[in-house]
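Student: I'd like to walk through this model with you, one question at a time. Can we start with the open spaces and then move on to the strands?

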Amino acid sequence: FWRAGRHPDAGPIPGERAPLEVPLPTVSSTKPFFAPDGSRFLYVGYRKERPGIGDLYLASLSDSSISQITEGMDPRGDHPVFSPDGQEVVFARWRSGDDGTRWPDLWVVPTTGGKARLLIEQASGAGFSPDGKWIAYTKHLAGGKPLWISARNELEQHREVVPLGFTPRWSPDGKWIAYTTSNPEGGMGELWVASADLSIRRRLTTEGEQFYGIGWMPDSRSLVFSADRG
């Protein structure tokens with residue numbers, strides 16, 4: 001893990017922590033995501049004895065301890081995310097329908113581990129508002145994949161952001177929702193932002209790309225993303 005903003009060959013800044021190597025107990029580790037307080041990070045790990053089934057792990061940056069918080073849940077799709085208070089993790093898990101179709105569902109699990117519970121059916125790509133009162137997600141319908149937002153205490157109600165959207169991420173100041181039109185399961189698209197009141201939409205990229213993850217910088221003025229232009 002490297003601090004951003006300096007080339008590794010430039011040497012450490014006086015008083016700056018050296019790069020931290022955290023030994024992970026998994027043969028493959030993907031989709032890292034920092035806790036709101038920055039003291040821990042979450043990732044999906046695959047063990048040697050179960051290479052095709054992933055689980056969520058939580059690693060501490062203070063003492064390098066690592067705990068497994070799910071068992072056999074196999075998160076898929078977009079990055080799992082912390083709730084703003086850092087007490088829970090929301091992730092997507094796919095299931096097969098009775099008619100042979102496949103649907104994702106959003107699940108939630110305490111960061112201390114334990115039994116996961118279903119949060120929203122036929123949904124993926126959760127993103128929380130900074131105050132934790134709202135959750136944005138992609139709703140998977142037979143006729144499309146709109147991006148919706150719902151109050152956390154009224155999940156049966158929703159507002160539509162756009163008819164097609166994925167990977168929603170609220171800005172730290174709560175004013176914007178970033179999203180892509182690129183399906184994480186495979187599909188080219190662009191990067192967009194919408195104002196939290198849904199009155200403004202702005203496209204940030206113009207070339208079709210396969211997006212793999214987006215995140216806000218702490219000042220809410222720019223975004224970092226991973227994408228493949230093919």
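Tutor: Sure, and one definition comes before anything else. On a 1 Å grid over the protein atoms alone, a pocket is an open set of points with protein on both sides within 12 Å along at least five of seven lines, a cavity is a set where a 1.4 Å probe fits but cannot get out, and lining residues have an atom within 4 Å of a point. This is a predicted model, in which local features need pLDDT of at least 70 and side-chain atom pairs count only at pLDDT 80 or more, while totals for chains, interfaces and linings use all residues. Residues are numbered from 1 along each chain as its sequence is written, and side-chain values use heavy atoms, with hydrogens and water left out.

Student: Which residues lie nearest the centre of the largest pocket?

Tutor: The lining of this pocket has 33 residues. At least two of them come from each of strand 1, strand 5 (81-82), strand 9, strand 13, strand 17 (210-216) and strand 18 (223-228); strands here are DSSP runs of E with at least two residues, numbered from the N terminus. Nearest the centre are Phe33, Phe34, Ile214, Gly215 and Trp216.

Student: And what volume does the largest pocket have?

Tutor: A volume is the space filled by probe spheres set on the grid points, which are joined across faces, edges and corners. The lining divides into 22 nonpolar, nine polar and two charged residues, where Ala, Val, Leu, Ile, Met, Phe, Trp, Tyr, Cys and Pro count as nonpolar, Asp, Glu, Lys and Arg as charged, and the others, Gly among them, as polar. The volume comes to about 1,300 Å³.

Student: Now the enclosed spaces: which elements give two or more residues to the lining of the largest cavity?

Tutor: The structure holds two cavities of 30 Å³ or more, and the largest has a volume of about 80 Å³. Its lining includes Trp94, Ser124, Gly125, His140, Phe166 and Thr167. The elements asked for are strand 9 (123-128) and strand 13 (166-170).

Student: Which strand gives the most to the lining of the second largest cavity?

Tutor: That cavity has about 30 Å³ of space, and among its lining residues are Val90, Phe91, Ala92, Gly125 and Ala126. The lining splits into six nonpolar, two polar and one charged. With three residues, the top contributor is strand 6.

Student: Let's turn to strand 15: why is it largely enclosed by the rest of the structure?

Tutor: Take the two faces in turn: Leu191, Val193 and Ser195 point one way, Trp192 and Ala194 the other, and all are buried. Buried means under 20% relative accessible area, exposed over 50%, and partly exposed in between, with a 1.4 Å probe and protein chains only. Strand 15 (residues 191-195) is largely enclosed because the number of its five residues that are buried is five.

Student: Which residue stands opposite Trp192 in strand 16?

Tutor: Strand 15 runs antiparallel to strand 14 (residues 176-180), with five bridges, and there Trp192 is the bridge partner of Tyr179. Three bridges join strand 15 to strand 16 (residues 201-203), also antiparallel; two strands pair if DSSP finds at least two bridges between them. Opposite Trp192 in strand 16 is Arg203.

Student: Which residue takes a positive phi in the hairpin of strand 15 and strand 16?

Tutor: Look between the strands, where the hairpin has five residues. The positive phi is near 65°, and the residue is Leu198.

Student: In the open sheet of four strands, which strands stand at the edges?

Tutor: This sheet has the order 1-2-3-4 with antiparallel pairing. Each edge strand has a single partner strand, so one side of each is left without a neighbour in the sheet; these are strand 1 (28-34) and strand 4 (66-68).

Student: Which residue stands opposite Ile66?

Tutor: Three bridges join strand 3 (residues 54-60) to strand 4, and the two run antiparallel. Opposite Ile66 of strand 4 stands Ala59.

Student: Last one: in which strand is confidence highest?

Tutor: The measure is pLDDT, the predictor's confidence in each residue, from 0 to 100. The protein chain averages 89, and 90% of the residues score at least 70. Confidence is lowest in strand 1, at a mean of 88, and highest, at 98, in strand 14.
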